[in-house]
Amino acid sequence: MADDVLAEPIRPLRLAPIPIRDVGAVVARLPEPLTSFVNRDHELLAVAAMLRRDDTRLVTLSGPGGVGKSRIALAVAREISGEFRDGVAFVALAAVREPALVPVRIAQALSIREDGQPAIARLQSALRDQHLLLFLDNFERALDAAPMLTELLADCPLLKILVTSRARLNVSGEHAVAVTPLDAPDLSDASEPDTLLESAAVRLFVERTHAVDPEFRLSAANGETVAAICRRLEGLPLAIELAAARSASLSPAALLAGLATRLQVLSGGPRDAPARLRTMRDAIAWSDDLLSDDERMAFRRLAVFAGGFTLDAMAAVAVDHEPPDPLAVVDLVGSLIDKSLVHRLASPAGGPLRFGMLETIREYAQERLEESDEAEEMRRRHAEYYLTLGEAAEARRIDLTATARLPLGAERDNFRAALFSLATDGETERMLRLAGALWPLWLEQGGIGHGRTQLADYLAQPDVRAHRRAWAKAASTAGALAQAQGDRVEAQTLSQEALAIAQEIGDDRCAGMAATTLGLVAMVDGDLDQAASFLEAGLASFHVAADARIVWTLRHLGSVAFFQRDLPLAIQVAEEGLRMARPAGNGLDTARLLLTLSHSIALQGQIERAVDHLREAVVLFEDAGDSWGVADALVSIGEAAYERGDLDEAEVSFAQGLERFRDIGDPEGMAVALVGIGWLARARGEAAEAAEAFRAVLALFGDRSPRPQSIRALLGLGAVALDRGDLEGAAERWGDALRHAQSRGDALLLATVLERLAHLAAAAERRPLPARLLAAGAALRAQIGAPTPPVEAREHSRLTSALSASPEEAKIASADDAARPLAVAGATAAMLDEAAAVAAAIIGPAEEFADLATERLLSTRERDVLRLLTEGRTDREIAEALSLSYRTVTTHVTAILTKLDVDSRTAAAVFAVRNGLA
């Protein structure tokens with residue numbers, strides 16, 4: 001019986017007669033499988049519909065060994081057998097190698113007597129008036145007999161033929177159907193058995209495993225492992241059958257571990273199965289045996305590619321023609337596709353065609369490559385090709401005049417394999433060159449974490465610093481990746497070293513990248529003056545090198561101006577960058593500058609214009625494969641939707657942006673999305689969900705971080721606390737937010753804190769402070785040209801309406817009056833002093849809070865601990881008095897010393913007595 005009939009069941013077959021009209025004592029029978037037909041209904045219906053059409057008379061099901069071709073064909077034959085007057089005739093051709101024997105074998109199967117004529121003539125005579133479906137199984141070893149089928153069809157008008165073959169027949173009138181593996185499960189739902197069973201691959205594994213282990217059940221505990229097994233086996237039915245057969249002696253976890261080497265585990269099929277189906281290796285070897293010498297050589301050489309290959313890559317690595325013959329390459333890959341050993345892959349938009357192998361087939365080809373004397377040479381060619389490709393892509397990226405980029409995302413696995421080969425072979429300098437050139441892939445197309453891991457390994461190898469230029473470039477790339485993931489220490493260390501070497505050897509490109517990274521580190525730390533200094537140095541280096549990353553640095557300088565709340569300058573710098581990027585056709589740089597510009601004009605209240613820029617940026621980012629840019633633009637669109645009151649759109653945009661940032665591994669981006677999700681949840685009245693999102697931000701950076709997103713998360717937690725009437729909780733969170741905003745010197749954040757504190761003042765009935773705070777916030781916003789966003793404005797408006805219209809409050813509410821003590825030239829220090837005074841008045845009386853002049857705010861529990869500490873009690877005595885654990889008390893004591901800025905328990909006690917806290 002055929003390989004694919006057994007590909008799913010690999011069990012003995014019972015033959016059942018199918019009556020057809022006598023064509024000379026003909027009795028043809030279809031095999032009857034002893035196991036169920038698992039979820040190929042879509043293919044069954046499609047092929048059956050094809051055979052029912054009058055214009056379709058020859059259908060070929062092709063695909064790799066073990067994919068289920070014969071099981072589908074058998075099911076189709078049974079489904080439509082009643083629609084053929086003379087039934088269905090089955091002919092097994094697996095053992096036939098000589099094309100001339102094919103008509104002989106068909107005649108024998110149909111019991112057509114010999115009469116001295118050639119077999120084809122006897123078939124034509126016997127089948128000329130037959131309304132019959134001829135099912136020819138495993139035709140691949142006699143492909144040269146395919147023209148005989150068209151002769152037969154031409155002379156027998158009522159005949160139809162259904163063929164299974166690992167290779168297409170490539171004859172006139174053929175309707176070829178490529179049979180693909182079963183759908184593999186989605187690992188994100190792997191804990192839900194019912195969801196997993198929607199996958200045909202999982203159902204097949206469960207059913208066949210239960211046959212050898214009746215106690216086996218799919219559960220939440222083993223679901224993820226079973227899903228991983230089916231994905232590792234790529235949904236290939238024969239592989240799943242063979243793996244399931246191992247379940248009698250291996251747990252799912254042990255089976256998955258063993259599949260690291262698939263071909264070793266995928267063996268041990270039933271003794272009564274054909275030899276070619278008892279192991280996966282034998283099943284693939286059956287296909288290998290169909291190849292010509294040139295095809296076999298190409299097949300094993302293509303195993304050197306990881307994750308697929310292009311025709312150019314195949315020509316450079318796997319073919320010996322010099323120069324490569326493009327037509328010969330096309331013919332080779334086409335033949336391997338026809339024989340189901342290679343298949344087309346999805347190609348990036350605008351990119352070249354890509355091809356690949358199922359990993360199980362590739363593993364077999366790798367074995368054949370290692371057995372040959374070509375393995376080392378193929379790895380050398382492969383590494384050389386991808387070094388050239390990586391450096392060419394980088395050169396194109398930094399060329400100010402280049403309008404086309406080389407897509408790299410699809411080649412991640414090949415770059416990883418090339419780097420490994422170079423490192424293993426001691427090619428240190430070339431390894432560093434490739435690692436340093438791949439920043440367009442890692443920074444712009446995702447995979448930052450993976451890039452960092454690889455670079456860390458390569459930069460840690462012995463003697464790498466001897467290659468100073470290559471090391472500095474790789475280190476500058478590693479520093480940029482570290483900064484993108486929020487690791488400021490690693491980013492600073494690597495970039496400083498790279499900058500020093502680059503300046504010494506005169507490498508302006510490397511110096512520009514390192515200086516830009518140092519500028520970004522300083523910007524995130526809130527040191528905007530130092531950030532501007534580094535970025536201007538980077539800009540100068542990129543100008544000397546005529547490097548397109550000039551527009552990067554302009555964008556970052558625009559961000560510095562944005563955080564300095566100099567919105568006109570931020571807009572001016574972004575527009576300058578756009579004037580360079582747009583004419584050059586640099587879509588990615590254009591998108592990033594649009595992103596920066598949108599942030600500034602959104603703060604000015606131009607929300608719709610900002611959204612237009614953001615939507616354009618998303619398209620450009622998608623075209624460039626820049627996942628980070630798409631994520632940032634999506635989150636910004638979510639913020640705009642939130643301000644418009646479209647909470648559904650905001651929810652979708654925030655969720656999509658967060659998912660992408662998580663995939664990239666960017667904590668800064670995740671924090672922005674989570675803050676948006678938190679405020680959105682609060683707007684819907686979902687307090688618990690809002691608090692969870694805000695706490696997730698603080699978990700990323702710590703609640704003492706002065707980062708803008710930490711401050712916004714503290715504001716959110718304070719708002720949630722005030723919503724439930726927890727004035728003390730709101731004061732504590734907003735007090736922290738105020739101190740952080742002051743430490744950054746961020747007028748916008750400070751204005752936001754003051755406006756939030758107005759709500760706390762109103763709840764605490766501290767009039768006329770609410771009006772004073774709102775007016776102070778408005779004055780700060782007026783200075784930087786950033787009006788209150790619509791959602792906050794509506795919330796503040798409700799507060800204003802609720803306030804009594806006393807003469808004093810009316811006077812304070814006047815923006816002009818409130819601006820006089822604040823809005824004066826060079827009055828930044830005065831603004832902060834005013835804010836501190838306002839906060840002191842809001843936060844509470846002196847007996848509740850320590851030293852308002854230093855803005856140190858203790859929680860209620862910390863004040864209790866401080867009071868007992870002042871009485872001279874030990875930590876254990878305090879713990880007993882307050883019913884706390886000893887560890888909790890020691891944590892509180894450490895926090896008190898930090899907040900009071902003292903270095904001993906005695907100093908804390910003195911401070912408490914002096915300030916009336918004890």
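Helices here are DSSP runs of H or I with at least four residues, strands are runs of E with at least two, and both are numbered from the N terminus. By that rule, Thr477 sits in helix α22, residues 468-484.

This is a predicted model, in which local features need pLDDT of at least 70 and side-chain atom pairs count only at pLDDT 80 or more, while totals for chains, interfaces and linings use all residues. Residues are numbered from 1 along each chain as its sequence is written, and side-chain values use heavy atoms, with hydrogens and water left out.

**Overall make-up**

The protein has 45 helices and ten strands. Of its 918 residues, 55% are buried. Buried means under 20% relative accessible area, exposed means over 50%, and partly exposed lies in between (1.4 Å probe, protein chains only). A contact is a pair of heavy atoms within 4.5 Å. Among contacts with a separation of 6 or more, 69% join residues 24 or more positions apart.

**Buried positions**

| Residue | Relative accessible area |
|---|---|
| Cys156 | 0% |
| Thr477 | 0% |
| Ala591 | 0% |
| Cys510 | 4% |
| Gln454 | 8% |

What does Thr477 contact beyond its neighbours within four places in sequence? The partners are Ala435, Gly436, Trp439, Trp442, Leu455 and Met513. Trp439 is 38 residues away along the chain, yet its C-alpha is 6.1 Å from that of Thr477.

Gln454 belongs to helix α21, residues 448-459. Residues up to four places away in sequence set aside, Gln454 touches Arg416, Leu419 and Trp442. Trp442 also appears in the list for Thr477.

Ala591 lies in helix α28, residues 587-603. Outside its four-place neighbourhood, Ala591 meets Ala617, Leu620 and Phe621. Gly629 is 38 residues from Ala591 in sequence, with 7.7 Å between the two C-alpha atoms.

Cys156 and Cys510 are both buried, because their relative accessible areas are 0% and 4%. A disulfide is a pair of cysteine sulfur atoms within 2.5 Å. The search of the whole structure finds zero disulfides.

**A three-stranded sheet**

Strands of a sheet pair through backbone hydrogen bonds, either parallel or antiparallel. Two strands count as paired if DSSP finds at least two bridges between them. One open sheet runs β8-β10-β9, with antiparallel pairing. Its edge strands are β8 (309-310) and β9 (343-345), each pairing on one side only. Between β9 and β10 (residues 354-356) there are three bridges. Which residue of β10 is the bridge partner of Arg344? Phe355 takes that place.

**Cavities**

A cavity is a set of points, on a 1 Å grid over the protein atoms alone, where a 1.4 Å probe fits but cannot get out; lining residues have an atom within 4 Å of a point. Points are joined across faces, edges and corners, and the volume is the space filled by probe spheres set on them. Four cavities of 30 Å³ or more turn up in the whole structure.

The second largest has a volume of about 60 Å³. Its lining consists of Gln483, Gly486, Asp487, Arg488, Val521, Val524, Asp525, Glu668 and Arg707. Helix α24 (residues 508-525) gives the most to this lining, with three residues. By class, the lining has two nonpolar, two polar and five charged residues. Here Ala, Val, Leu, Ile, Met, Phe, Trp, Tyr, Cys and Pro count as nonpolar, Asp, Glu, Lys and Arg as charged, and the others, Gly among them, as polar.

Terms used: 1 Å grid on protein atoms, 1.4 Å probe; cavity = no way out; pocket = protein on both sides within 12 Å on 5 of 7 lines; lining within 4 Å.
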